[in-house]
Amino acid sequence: MDPSAPGWAARLLALVRRHRVFAAAFGVGAVLRLVTMLGYGPAMWFNDSYEYVSVALHPRPHPIRPDGYSFWLMLLQPFHSFTLVVFTQHLMGLATAALIYALLRIKFRLPKWGATLAAAPVLFDAYQIQLEQLVMSDTQFMLLVVGVITLVLWKRRLTWKAGAVVGLLLALTWLTRSIGLPILALVVLYLLVKRAGWRPVTAVLTACAIPVLAYMGWFASAHGKFAMTNSDGLILYMRTAIFADCNKMDIDKYREVELLLLCINDPVDQRKDYAQWYLWGQGNGDGTGTGEVLHRWGTNKKWSEITNEAASAFATRAILSQPGDYLQVVARDFLRSFHWSRPRFPDESTYNMYEFRPYVQIDENGQPKRLPKWSSYAGGRTDTDAFAYEQGPPETRIVHPWADIMAGYQKVFYLRGIMLGGILLIGLYGVVVRWRTFGGPVVLPWLGSVGLLLAPAATAEFDYRYVLPAVPLACIAAAITLRRGVTWGRRSPRRRKASESTTVRA
């Protein structure tokens, strides 16, 4: 070892100096996350958060969602700190921005300011930072997706070893959120179109299949069904419940009683305008009226395989019988992603869970609001499980002035939906002009972004947190599209053609 070689601190300082624009933006993003942790510790909570924690304490395959994020909570459990949990999630957000910058700067030769601009929404968007402060799986999912796209685009020729890493990341993505399956299909299709070869494609599929099949075997041992969840049919039923008209579905009342049980009595024009009510609403207690009809099956059987299969059959029949109505609700929810302001949807309560509120919530008795006392599917109770994980009070503590700073910041600094639409249009242009090469390297992140926006609209319902993981991919696609326009200096036609060929093969 050369004793005259600079130490790690000197090398790190030199790296920061070479990338000072991104380093400054990265530092500001880190400070914003520190302020968030000071103002809203130990963590912020969403309705789904409690089940993730309960599964971490009582390991069992959950019937509604895969347990990938709960595995992460399980690894951190010995530290008994939700502060540590959200700290790691803030690191994930910063790591996502670093991956975007590295891919665009090193692989696609964007100028430093251009690559930094593409990473800016992840670094500075207030709702992105708030999502990282929530005990939720979305930040982990986003990092995994961006990691997969970065690795696939980085390699000019994907080796089988790199393919195995991609496959493992895809498995973790799928185990974190069910939407990881379409991401797997998109990556494999991209590799096939780019003629990556059978070895890397086989490595991707094999490395992805092993952990996923192992999880499905565990799920089968607990639920008697070789699958990831018992909720896909029920969630699709929720999607169709707001328009499904049993008079148009040609249901045989003698042979298809299970479908009749899922019919909604209310006229279509009197139903709720958000689908979640028909899965999570409590109804009138008898399965009638404006409440959700799934209680007709019994609360304990709601997430059973039988109910899921019947709900899937009902939803499929509704879509095939009323394709126009289905496409209308899908298009409506897809377009919600591109509003100027954040839609207050599906309801005010859900909207407020994504807000930095600089005040303590008060319950009906005038006392500080505690965590809900729900029975968790994995066993135990939501509030006591959260207390056991933290080994102390887990409720969000509002600390001034830090909470006020982030509440004010959130009113101004976030990516408007219409801006996301413009970014996607730039990426679409990049795909179209490269039609001879099937969209080149732009098509993978662009389709990934559109897919992450479209899939919830098609299978569940719009929720603002589903929009945020699509933003980094949209920025990557737009940045690759614009790289010629922001690259310094002019290049000869021969060099430009060679550069384009090299990038397309990536």
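The legends below describe close-up views of a predicted model.

**Figure 1. Overview of the predicted chain.** The protein has 506 residues, of which 54% count as buried. Its secondary structure comes to 24 helices and two strands. Of the contacts between residues at least 6 apart in sequence, 76% join residues at least 24 apart.

**Figure 2. Helix H8, residues 138–154.** The helix has 17 residues and spans 24 Å from its first C-alpha to its last. This is close to the 24 Å expected at 1.5 Å a residue. H8 is mostly covered, with 14 of its 17 residues buried.

**Figure 3. The disulfide between Cys-246 and Cys-263.** The count of disulfides in the model comes to one. The sulfur atoms of Cys-246 and Cys-263 are 1.9 Å apart, and the link is left-handed, with -110 degrees about the S-S bond. The pair links distant parts of the chain, 17 residues apart. Cys-246 lies in the loop between helix H12 (232–240) and helix H13 (257–260), while Cys-263 lies in the loop between H13 and helix H14 (277–280). Cys-246 counts as partly exposed because its relative accessibility is 22%, whereas Cys-263, at 10%, is buried. Two further cysteines can be placed on the same scale: Cys-208 is buried at 3% relative accessibility, and Cys-475 is buried at 8%.

**Figure 4. Surroundings of Ala-244 in the loop between H12 and H13.** Ala-244 has a relative accessibility of 3% and therefore counts as buried. Leaving aside residues up to four places away in sequence, Ala-244 touches Met-249, Val-268, Arg-271, Phe-314, Ala-318 and Gln-322. One of these contacts, Ala-318, is 74 residues from Ala-244 along the chain. The C-alpha atoms of Ala-244 and Ala-318 are separated by 5.6 Å.

**Figure 5. Asp-250, a residue with positive phi in the loop between H12 and H13.** The phi of Asp-250 is about 55 degrees, although the residue is not a glycine. Most residues other than glycine have a negative phi. Asp-250 counts as exposed because its relative accessibility is 69%. Ala-244, found in the loop between H12 and H13 as well, is buried.

**Figure 6. Arg-195, a residue with positive phi between helices H10 and H11.** Arg-195 is a residue other than glycine, and its phi is near 55 degrees. The loop that holds Arg-195 runs between helix H10 (180–193) and helix H11 (198–223). With a relative accessible area of 72%, Arg-195 is exposed.

**Figure 7. Packing of helices H4 and H5.** Helix H4 (residues 68–76) and helix H5 (residues 82–107) pack with their axes 10 Å apart. The angle between H4 and H5 is about 125 degrees, and the two helices are therefore oblique to each other. H4 passes H5 in a right-handed crossing. On the H4 side, the contact is made by Tyr-69, Trp-72, Leu-73 and Leu-76. These residues meet Leu-84, Val-85, Thr-88, Gln-89 and Met-92 in H5. An α-helix has 3.6 residues a turn, so residues three or four places apart point the same way.

**Figure 8. Packing of helices H7 and H19.** The axes of helix H7 (residues 126–133) and H19 come within 9 Å and cross at roughly 135 degrees. That angle makes H7 oblique to H19. Ala-126, Tyr-127, Ile-129 and Gln-130 are the H7 residues in the contact, and they meet Met-406, Tyr-409 and Gln-410 in H19.

**Figure 9. Cis peptide bonds before Pro-346 and Pro-401.** Most peptide bonds are trans. The bond from Phe-345 to Pro-346 is cis, with omega near 0 degrees. Pro-346 is in the loop between helix H16 (323–335) and helix H17 (348–352). The bond from His-400 to Pro-401 is also cis, with omega near 5 degrees. Pro-401 is placed in the loop between strand E2 (397–398) and helix H19 (402–410). Among the residues of H19 are Met-406, Tyr-409 and Gln-410, which meet H7 in the packing of Figure 8.

Definitions and conventions. Residues numbered from 1 in each chain as written. Predicted model: local features only at pLDDT ≥ 70, side-chain atom pairs only at ≥ 80, totals over all residues. Heavy atoms only, no water. Helix = DSSP H or I, 4+ residues; strand = E, 2+ residues; numbered from the N terminus. Expected span 1.5 Å × (residues − 1). Buried < 20%, exposed > 50% of the residue type's maximum accessible area, 1.4 Å probe, protein only. Disulfide = S-S within 2.5 Å. Axes fitted to C-alpha atoms, helices over the stretch in contact; angles between N-to-C directions. Parallel < 35°, antiparallel > 145°, perpendicular 65-115°, else oblique. Left-handed = near helix turned anticlockwise from the far one by under 90°. Contact = heavy atoms within 4.5 Å.
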